[in-house]
Amino acid sequence: METRVNQIELNGLTFQYRESGEPSAPPIVALHALGKSAKSWDQVAAVLGENYRVLALDQRGHGGSARTSTYTFELMCDDLLHFANAMNLGQFTLIGHSMGGTVSYLFSETFPSRIERLIVEDTPPPFPDKPIEVPSKPSDPLPFDWLVVPSILRQLNEPNPEWWARLTEIIIPTLIIGGGSSHISQNKLQEVSELIPTCELVTIVDAGHHVHDANLPAFLTAVKSFLNS
């Protein structure tokens with residue numbers, strides 16, 4: 001399946017996104033993890049693009065999108081709103097992995113009427129835990145803006161308690177896919193699935209944090225079954 005790479009101006013910033021599937025098909029927006037890009041969804045989009053219009057967005061500071069001086073989950077949430085509006089998406093399914101998953105929870109809490117279904121891959125919203133140390137910047141050139149790392153880690157270390165408290169407000173059908181042997185607490189994923197009223201948790205054993213890379217067939221089976229339910 002052909003992937004089309006496009007650029008769009010959102011709120012004065014240039015963003016890049018990858019599109020698969022028919023423009024008239026039901027839309028899915030996919031958000032990648034920290035340090036990744038929309039390209040990380042290509043294999044998923046190749047399959048889902050048979051029945052859906054898959055729009056994978058390079059979030060700010062990543063891929064072909066603008067490098068800005070500030071990076072927060074809230075700004076990424078605003079970017080998604082501008083993107084959905086610019087693409088004329090009334091309602092859409094949202095898939096998010098890791099950092100993109102946190103943006104997806106936040107967006108679904110803030111703009112519930114825009115989301116049809118929510119799929120989150122191996123992440124709970126940030127919660128108070130032992131602090132993560134900010135690593136030093138690697139000397140090699142990076143495919144993303146290093147400034148994103150300290151900014152996002154700061155929010156992981158000092159999370160807004162509302163993100164967790166408002167999970168009960170996510171009233172749309174939700175699927176959480178856990179990777180089992182991940183560094184992410186699978187118990188926390190269980191807690192999230194109990195707080196969101198209509199939520200299913202599927203654990204793909206031994207997949208680790210990057211579920212759709214490690215076990216694409218199982219990931220797609222879970223997603224397709226959820227979308228068809």
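Contact here means heavy atoms within 4.5 Å, and that is the sense to keep in mind when we talk about packing. What you're looking at is a predicted model, so let's walk through it from the helices inward.

Start with α4 (148-157), which is mostly covered, with 7 of its 10 residues buried. Those buried positions are V148, V149, P150, S151, I152, L153 and Q155. They pack against α2, α3 and α5 (161-165).

One of those partners, α3, is worth a stop. Helix α3 covers residues 99-110, and at 1.5 Å a residue its 12 residues should span 16 Å; the C-alpha atoms at its ends are 17 Å apart, which agrees. As for its surroundings, 11 of the 12 residues of α3 are buried, so the helix is largely enclosed by the rest of the structure. The buried set includes M99, G100 and G101 as well as Y105, L106 and F107.

Y105 and F107 turn up again in the largest nonpolar core. This core has 41 residues, and those two are among the residues with the most contacts inside it, along with V29, F83, F92, L94 and L118. Helix α2 (residues 73-86) gives the most to this core, with 7 residues. A second, separate core of 24 residues includes A45, A56, I119 and L227.

To see how F92 fits in, set aside its neighbours within four places in sequence: F92 is then in contact with P27, V29, L80, A84, F107, R114, I115, E116 and R117.

Now move along to I95, which lies in strand β5 (residues 92-97). Is I95 buried or exposed? It's buried, with a relative accessible area of 2%, and the cut-off for buried is under 20%. Leaving out neighbours within four places in sequence, I95 is in contact with I28, V29, A30, L31, W41, L48, S104 and I119. The C-alpha atoms of I95 and R117 are 8.6 Å apart, although the two residues sit 22 residues apart along the chain.

Finally, have a look at the largest pocket, whose volume is about 630 Å³. It is lined by 27 residues, and T123, I132, L156, H183 and I184 are the closest to its centre. Our two helices come back here: α3 and α4 are the elements that give two or more residues to the lining. Which element gives the most to the lining of the largest pocket? That's α4, with 4 residues. By type, the lining divides into 16 nonpolar, 8 polar and 3 charged residues.

Conventions
Residues numbered from 1 in each chain as written. Predicted model: local features only at pLDDT ≥ 70, side-chain atom pairs only at ≥ 80, totals over all residues. Heavy atoms only, no water. Expected span 1.5 Å × (residues − 1). Buried < 20%, exposed > 50% of the residue type's maximum accessible area, 1.4 Å probe, protein only. 1 Å grid on protein atoms, 1.4 Å probe; cavity = no way out; pocket = protein on both sides within 12 Å on 5 of 7 lines; lining within 4 Å. Points joined across faces, edges and corners; volume = space filled by probe spheres on them. Nonpolar A, V, L, I, M, F, W, Y, C, P; charged D, E, K, R; others polar. Core = buried A, V, L, I, M, F, W, Y, C linked by side-chain atoms within 4.5 Å.
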